[in-house]
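Colleague: Before I use this model at the bench, I would like to understand the words you apply to it. Could you take me through them one at a time?

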Amino acid sequence: MPEASRPKVKVAALLSGNGTTMSALHYASKLPGCPYEIVLVASNVPDAPGLKIAAAEGLPTFALDHRGMDRRAHEQAMDTALRESGAEYLALCGYMRVLTEDFVAGWESRMVNTHPSLLPKYKGLDTHARAIAAGDAFGGCSVHVVTAELDGGPLLGQMPVAILPEDTPESLGRRVILAEYQLYPRMFADYVARS
């Protein structure tokens, strides 16, 4: 099918915070030739700033506070909203919940995440502090397919970011996020275009 006539792949973004990574994906989706569009922005934090950004951009939103809810019941409610949106893929954009194996299995090979380290180094949290403490020359970011193993799915791409002698975790983090804003939309677009 000619690229111009291919329908855009429908994507739901999940976030828990400011929504800057979701914004990078959304703005990239407006560029000519981008193969995806965001059809829902969902959050486990009803007052997440990212939801306000999404609404201002005209994107549908859904929020359900996880606090006080059984994990599986929360995931089932989120999953229902995601599927009702027509989403074919999920983009994790700072969604600060560890997902159950059942949820991940339901979106197998159709959920992508970005992580602020050069995986397999520094899975989990405090990635910049750990890279600096180890004396690494580079930090960076990775984009990967989500599997049941935390930060362990197949890599789609990475971007190294030089660690300066005076770097703190905060200063390194500010540069790594800029790299993420470049890498994530490109790797995500390449991945869903193969579907």
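Modeller: Let me begin with one strand pair: strand S5 (residues 111-115) and strand S6 (residues 138-145) run antiparallel and are joined by 4 bridges. The model is predicted, so local features need pLDDT of at least 70 and side-chain atom pairs count only at pLDDT 80 or more, while totals for chains, interfaces and linings use all residues. Residues are numbered from 1 along each chain as its sequence is written, and side-chain values use heavy atoms, with hydrogens and water left out.

Colleague: What makes S5 and S6 a pair?

Modeller: Two strands pair if DSSP finds at least two bridges between them; S5 and S6 have 4, so they count as paired. Within this pair, Val112 has Val145 of S6 as its bridge partner.

Colleague: Which strands stand at the edges of the sheet, and why is one side of each left without a neighbour?

Modeller: The open sheet has 7 strands in the order S3-S2-S1-S4-S5-S6-S7, with mixed pairing. Strand S3 (61-63) and strand S7 (155-162) are at the edges, and because each has a single partner strand, one side of each lacks a neighbour in the sheet.

Colleague: How do you know that S1 is mostly covered?

Modeller: Buried means under 20% relative accessible area, against over 50% for exposed and partly exposed in between (1.4 Å probe, protein chains only); 6 of the 7 residues of S1 are buried. S1 also pairs with S2 in the parallel sense over 7 bridges, and Ala13 has Val41 as its bridge partner in S2.

Key:
Helices (H or I, at least four residues) and strands (E, at least two) are DSSP runs, numbered from the N terminus.
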